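This report covers a ligand site and the backbone geometry of one loop. The structure comes first, and the details follow.

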Amino acid sequence: MSCRIVVLISGSGTNLQALIDNLAVPDSPARIVGVISNKADAYGLQRAGAAGIPFDTLNHRDFIDRESFDRALQQQIDAFQPDLVLLAGFMRILTPGFVTHYRGRLLNIHPSLLPKHKGLQTHQRALDAGDAEHGATVHFVTEELDGGPLILQGRVQITPGQEAASLAAEVQQLEYRLYPLAARWFAAGRLQLNDDRACFDGNPIPPSGLRLEDLESGI
Ligand code: GRF
């Protein structure tokens, strides 16, 4: 049976598009059954519509506090009966109750080599820090913002004089490979969160995550 995925977005949804394209193939192990945005004007909703995927919005401004929004969001997500929930540019801090409910089946993609540069403006911060490399990370979501066990990282070298926009563009291209791969692994039953450790094929993943370049070079 194919893995049912719900994707949460707030914006342009280019990662959502990469997931749609990657999973819309014969014999796909997973399918996106719903997309939810906290912003009604998120372009990603049009992407969902164009792909024939049911979508919904839930405006956080309609709720008095974070807890009540997250409870309503949880109900909306669970109506899709997902096996996996993917945060793809979902610009909300999630409550412990929400995160606990989806423990082990909630992933995020973050545009940095975590644990470096949690939060926003990651490309400029990598440049300002004089980092030699930068990248993106897929991780399990836990209560700590951008802090859950790492699954997979891809990296790019920073070139002298590089600007944030060009670095961001390179990292985005990486993201479009990383997230569908991790989603497929999950769908195939290859990824688990055991206690606080991410596991791949039953083996603990190193704290720094698996490296895309190692996988591609067959190491
Ligand atoms: C991506 O850079 C992702 O890493 C971060 O938010 C951005 C979403 O972009 N979490 P998009 O909406 O998928 O284009």
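How far is an oxygen atom of the ligand from an N or O atom in the side chain of Glu-175? The separation is 2.5 Å. The model is predicted, and this value, like the others below, is computed from it.

## Polar contacts of the ligand

Besides the pair with Glu-175, an N or O atom in the side chain of Thr-14 lies 2.5 Å from an oxygen atom of the ligand. The backbone takes part as well: a nitrogen atom of the ligand is 2.9 Å from a backbone N or O atom of Ile-109. The ligand taken alone exposes 370 Å², and 82% of that is buried by the protein.

## The shell around the ligand

The three residues named above belong to the set around the ligand, which also includes Ser-12, Gly-13, Asn-15, Gly-89, His-110 and Pro-111. By class, this shell holds two nonpolar residues, six polar ones and one charged one. The charged one is Glu-175. Two elements, α1 and β5, each give two or more residues to the shell.

## The pocket

The ligand takes up the space of the largest pocket. That pocket contains about 920 Å³ of space and has 35 lining residues. Nearest its centre are Gly-89, Phe-90, Met-91, Ile-109 and Pro-111. Of these, Gly-89, Ile-109 and Pro-111 are also among the residues around the ligand.

Two or more lining residues come from each of α1 (14-23), β5 (106-110), α5 (122-128) and α6 (164-187). The top contributor is α6, with four residues. The lining divides into 16 polar, 14 nonpolar and five charged residues.

## The loop between β5 and α5

Which peptide bond is cis, and where does its proline lie? The bond joins Leu-114 and Pro-115, with omega of about 10°. Pro-115 is in the loop between β5 and α5, and both of these elements give residues to the lining of the largest pocket.

His-117 lies in that loop too. This residue is not a glycine, yet its phi is positive, at about 55°. As background, most peptide bonds are trans, and most residues other than glycine have a negative phi. The loop between β5 and α5 thus holds Pro-115, on the cis bond, and His-117, with the positive phi.

Note on methods: Residues numbered from 1 in each chain as written. Predicted model: local features only at pLDDT ≥ 70, side-chain atom pairs only at ≥ 80, totals over all residues. Heavy atoms only, no water. 1 Å grid on protein atoms, 1.4 Å probe; cavity = no way out; pocket = protein on both sides within 12 Å on 5 of 7 lines; lining within 4 Å. Points joined across faces, edges and corners; volume = space filled by probe spheres on them. Near = heavy atom within 4 Å. Polar contact = N/O pair within 3.5 Å; in protein donor to acceptor, adjacent residues only side chain to side chain. Areas by Shrake-Rupley, 256 points an atom, 1.4 Å probe, with all protein chains shown as cover. Sits in = over half its atoms within 2 Å of the grid points.
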